[in-house]
Amino acid sequence: MSKMYKPVPIGEEEASVQSRDPSSDNGSENEKWEWRTDKRRTLRSFANSNLAWIIQTAMLSVSVTLFAVTMCKQSGGNTTQVPTTFSPLNEAIKYEIKHFDLAPIPEGPFVGKGDAVDAMWEWATDGIPDTMVTKEEMIKMNMDPVGALEVTDPKTGRRGYRVAIEVFHQLHCLNLLRQANHKAHYAPLGGDTSAEPEDLHGHLDHCIDALRQFVMCQSDTNVFPFRFPFNDGDPWPDYSSPRMCRNFEKVRDWAVAHGVEQGVDEPEH
């Protein structure tokens, strides 16, 4: 490879010294030029090596970052891809952490029999009206509108399909089990528990299987420990553990606000 030299300006004083110095010949001058050329070549090589190192470091950083982002997306997708079903009530859902209140000897406003307990169950289930959805909402819920009960809202005059909300049906089934547990009290009052034994048994079997499917569908994975509440060496399960729940009052408020009364010519259901 040919070498290229560029003249280096020499000051007057340095030029005069060289002119008096017999050793200052063309060879020494060429050596001086060659040294300066090598120095520039060394600096240029050093700069090029630093630039290459910086580029490689940047490319490595980008690769590592892209790999980390990809892994995070894949990991996040595997844990958050939960299938959901559409419901017009989804807008009312609010999640919260609640502690179950289930003592070894059950007590509370929903336990037992009597007018006060009946009023609580009426508030929670039987007093909640049905609602109405559009044809588009029926299809969005993967339900066939053909053959479904179509009604007219007496308040608005709008047409739609009457639907009941599942949570209130499940609570209705629990209420029937409660009343059947106190049949001697409720049968004389009329209602479902006063039906013929075959009909009552069929209704109870329906409710038991409906609740079974619901419980298995939810498959609650929370755990509970065992304690000794009576200090007699007999362990009892402690169900007072925190659970992730949907706020029932929010759902109930939505159902009441969107309730559709039964029309005059509407068949019983």
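These exercises, each with a worked solution, cover helix packing, cores and strands in a predicted model. Residues are numbered from 1 along each chain as its sequence is written, and side-chain values use heavy atoms, with hydrogens and water left out. Because the model is predicted, local features need pLDDT of at least 70 and side-chain atom pairs count only at pLDDT 80 or more, while totals for chains, interfaces and linings use all residues.

**Exercise 1. Describe how helix α3 packs on helix α5.**

Step 1. Locate the helices: α3 spans residues 115–126 and α5 spans residues 166–181. Helices are DSSP runs (H or I, at least four residues), and strands are runs of E (at least two), numbered from the N terminus.

Step 2. Take the geometry. The angle is about 155° and the axes are 9 Å apart. Axes are lines fitted to C-alpha atoms over the stretch in contact, and angles run from 0 to 180 degrees between N-to-C directions.

Step 3. Classify. The angle makes α3 roughly antiparallel to α5 (over 145 degrees).

Step 4. List the residues. Val117, Asp118, Trp121, Ala124, Thr125 and Asp126 in α3 meet Phe168, Leu171, His172, Leu174, Asn175 and Arg178 in α5. Contact means heavy atoms within 4.5 Å.

**Exercise 2. Find the largest nonpolar core and place Ala255 in it.**

Step 1. Apply the rule: buried Ala, Val, Leu, Ile, Met, Phe, Trp, Tyr and Cys residues, joined through side-chain atoms within 4.5 Å. Buried is under 20% relative accessible area, with a 1.4 Å probe and protein chains only.

Step 2. Collect the members. The eight are Leu89, Ala92, Ile128, Ile165, Phe168, Val251, Trp254 and Ala255.

Step 3. Find the main contributor. Helix α8 (residues 248–257) gives the largest share, three residues.

Step 4. Check Ala255. Beyond its neighbours within four places in sequence, Ala255 contacts Ile128, Pro129, Ile165 and Phe168.

Step 5. Look for another core. A six-residue one lies apart, including Cys173, Leu200, Leu204 and Leu211.

**Exercise 3. Is Gln170 buried or exposed?**

Step 1. Place Gln170: helix α5.

Step 2. Read the accessibility. Gln170 has 11% relative accessibility, so Gln170 counts as buried.

Step 3. Name the contacts. Leaving out residues up to four places away in sequence, Gln170 touches Leu211 and Phe214.

**Exercise 4. Work out which strands join β4.**

Step 1. Strand β4 covers residues 159–163, and four of its five residues are buried.

Step 2. Strand β2 (residues 131–133) runs antiparallel to β4, joined by three bridges. Pairing takes at least two DSSP bridges.

Step 3. Strand β3 (residues 150–152) is also antiparallel to β4, with three bridges.

Step 4. Find the partners of Tyr161. Val133 stands opposite Tyr161, and so does Glu150.

Definitions and conventions
Angles under 35 degrees count as roughly parallel, over 145 as roughly antiparallel, 65 to 115 as roughly perpendicular and the rest as oblique. Buried means under 20% relative accessible area, exposed over 50%, partly exposed in between (1.4 Å probe, protein chains only).
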